[in-house]
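Biologist: I'm new to this structure and would love a close look at a single part of it. Could you pick a stretch towards the end of the chain and walk me through what surrounds it?

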Amino acid sequence: MNSWSLSFEPLLSWQFLALILVPLAILALAGLWFRRRGALLRLAALVALGAALLNPVLLDENREPLQSVVALVVDRSASQDIGDRTAQTDQALTALQEKLAHLKQFEVRVVETGRADAADERTETRLFSALDGAFRDVPPSRIGGAIMITDGEVHDVPAGAPGFHALLHALITGREGEKDRRIRFEKAPRFGIVGKPLDMTYRVITSGGEAGQVDVRVSVNGQQVSVERAVIGQEMSLRLTIPNAGRNIIEVAVDHEDGEITDINNRSVALVDGIRENLRVLLVSGEPHAGERTWRNLLKSDASVDLVHFTILRPPEKQDGTPINELSLIAFPTRELFVDKINEFDLIIFDRYQHRDVLPILYYDYIAEYVEKGGALLIAAGPEYAGPQSIARTPLLPALPAMPTGEVVEKGFYPRLTDLGKRHPVTRGLEGSTAEPPHWSRWFRTIAVDHPEGEVVMKGADDRPLLVLDHKGEGRVGMFLSDQGWLWARGFEGGGPHVPLYRRIAHWLMKEPELEEERLTADGRGMTLEVRRQTMSDNPGNAQVITPSGKPMTVPLTQSEPGIFTGSAVTKEIGLYQVANGNLSTLAHIGPINAPEFGDMVSTEDVLRPQAEKTGGSVRRLAAASGVNVPGIVPVRGNADASGRDWIGLKTTNDSVLKSVGRVPLFGGFFGLGLLLMALGAMWYREGR
């Protein structure tokens, strides 16, 4: 494309030209005003002089017209997989590309969005963000328009006008009159007290305004706990009891309805972190000793523990006749603690306690029964455990994991982990345990026992059992066969990790989930499913996974540290995954909970229509009696109509690129010089007369 234009390239600066030509022009015009003879010749000479000084040049510009940029934004989000929406999208995209290929004035940019590996990019349909990216390097004058192929459920529609000044057309997949039922949580607290009721609310919604009631299945951590009757459209209340500390998955679900386009949104999930109320611990010290306050200080420093501590300073044999009202010591409330309120305690600790008739013999039966029914008991043994008044010689015997031999081994040793202890969550990874000798101080006393039951996780002098952990019925028992732990607390020979060890023992006894020997957990990191198996075995095998759509998959587990096996798998679906290994199972949720993408999944024209009308564009459905109906493409200019019954318009641009320039001086060379001399000569000749 060629265009001509006139340009001036003055021989002098504009200031000098003004100083020369303005006075001469005034004189020439004055001559014309006063009708002087020869005024026209003087004006012609002035014009010739001005033209020579201004140096006019005729420019021949060779320009190449630019194309308008058109964006085809294709919605590949999860809702587009419903029914034949994907097929409609592919057919429409192919047809539009073919139509635009015949229109050379358009540059086409195809942007597909929603099909990403990151979970946060799959949970919302963000077409306008993708459109902004497509036009980021395009001047506003070159934007021809945008065509969106989507089901209409777009979650980043601007509140005001679009961020670009061009036509927006939307081609909607799906079909009119689609039917869908969905359920969602309205109020779902993130935290709840274990064992206490938690109030939540939910709502069942239908696309067609259906009324009536439906059954709602309620599950906690994969186990169905109730079936509720819900009124469609109304906010319904739900009261549940949180069963476990840590993460709990609450799910509400409704049955599939005939004619429903999808049932992926027929269930909703809430994650609730269970928090234990303060754990109640009863610590009974049998006598004052160097390490008496070690357990007390540790338990008092734990904000989650309510501690009741008694030290037996006045055994029954010390009867000196002092009146009760004159005693400064507190009587040991044995009946209240071991009969009336024993089940209120999460853990009972006997610290160097021996039977001296403080507790009636019958009460030891109560303690053994307490353990059998789910209680926790810890024996911190000293020399008294090997003596004639040992509690092993009481009815507490069935709850004890080891019987004393009567021998007390007095020799220095380094506490060491056994092979089981290296895998057990109570002792695994204790700081200093991997060195030989371990990086902690020695102890000097071990209580000998015969044939310990349960798991020996630490050993003492001559490889004798030092820490024994055992399951008794529904409860748990721990036995520390030395009273020398205070040496670590006092920093003797550098001390040792008494705080993590004692705390883990106490919390394992009180059944903290993180310290279970056999535990399976799974979690989502982006679109990656991560599985963690905690076990005492050497090889737990692979994890079996069921995806939200019901497809099975296998995740290999490999040992990452003693007692810990992990595995991961990249997933493509957002939702609830069922994970199993051996006789354990758990749930994991990939992606954000109840993402907008899986909310309302009925195709609609209403969301994009306001934006399209603001730009002069249009919104129409693709579905036709046979296949899809893709409108024709018409180039338009200015403010012309941009849509019709079977066509849509895209703006063309006037922008172009300059390829070359030809220069033709109009008052240069001999021709210009001749004209100037002729004009000056004619003026001179006339003046000479």
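Modeller: Happy to! Let's begin at Glu493, which is partly exposed because its relative accessible area is 40%. Please keep in mind that this is a predicted model. Glu493 sits in the loop that links α9 (486-489) to α10 (498-509). Its backbone deserves a glance: phi is positive, about 50°, even though Glu493 is not a glycine. As background, most residues other than glycine have a negative phi.

From this loop, we can step into α10 and look for a partner. Helix α5 (residues 292-300) packs with α10 at an angle of about 75°, and the two axes are 10 Å apart. That angle makes α5 roughly perpendicular to α10, because 65 to 115 degrees counts as roughly perpendicular. On the α5 side, the residues in contact are Thr294, Trp295 and Leu298, and they meet His498, Val499, Tyr502 and Arg503 of α10. Sorted by type, the residues of this contact are 4 nonpolar, 2 polar and 1 charged.

Aromatic rings are the next thing to look at, and the structure holds 10 aromatic pairs. For a warm-up away from our loop, take Phe338 and Phe350: their ring centres are 6.4 Å apart and their planes meet at 25°, so this pair is stacked. Phe338 belongs to helix α6 (residues 334-340) and Phe350 to strand β17 (residues 347-351), so their pairing ties together parts 12 residues apart in sequence. Both Phe338 and Phe350 are buried.

Back beside our loop, Trp488 pairs with Trp443. Here the ring centres are 5.0 Å apart and the planes are at 55°, so the pair is tilted. Trp488 is in helix α9, while Trp443 is in the loop between α8 and β21, so this pair ties together parts 45 residues apart in sequence. Trp443 and Trp488 are both buried.

Now the pieces can be joined. Trp443 and Trp488 belong to one aromatic cluster, together with Trp295, Phe413, Trp440, Phe480 and Tyr502. Two of those names are familiar from the helix contact, where Trp295 of α5 and Tyr502 of α10 appeared.

The loop that carries Trp443 has a backbone detail of its own. Pro437 is also found between α8 (419-423) and β21 (446-450), and the peptide bond from Glu436 to Pro437 is cis, with omega near 0°. For comparison, most peptide bonds are trans.

One last stop: the charged end of Arg476 sits over the ring of Trp508, 4.9 Å from its centre.

Technical notes: Residues numbered from 1 in each chain as written. Predicted model: local features only at pLDDT ≥ 70, side-chain atom pairs only at ≥ 80, totals over all residues. Heavy atoms only, no water. Helix = DSSP H or I, 4+ residues; strand = E, 2+ residues; numbered from the N terminus. Buried < 20%, exposed > 50% of the residue type's maximum accessible area, 1.4 Å probe, protein only. Axes fitted to C-alpha atoms, helices over the stretch in contact; angles between N-to-C directions. Parallel < 35°, antiparallel > 145°, perpendicular 65-115°, else oblique. Contact = heavy atoms within 4.5 Å. Nonpolar A, V, L, I, M, F, W, Y, C, P; charged D, E, K, R; others polar. Phe/Tyr/Trp six-rings, centres within 6.5 Å; stacked < 30°, edge-to-face > 60°. Lys NZ or Arg CZ within 6 Å of the ring centre and 35° of its normal.
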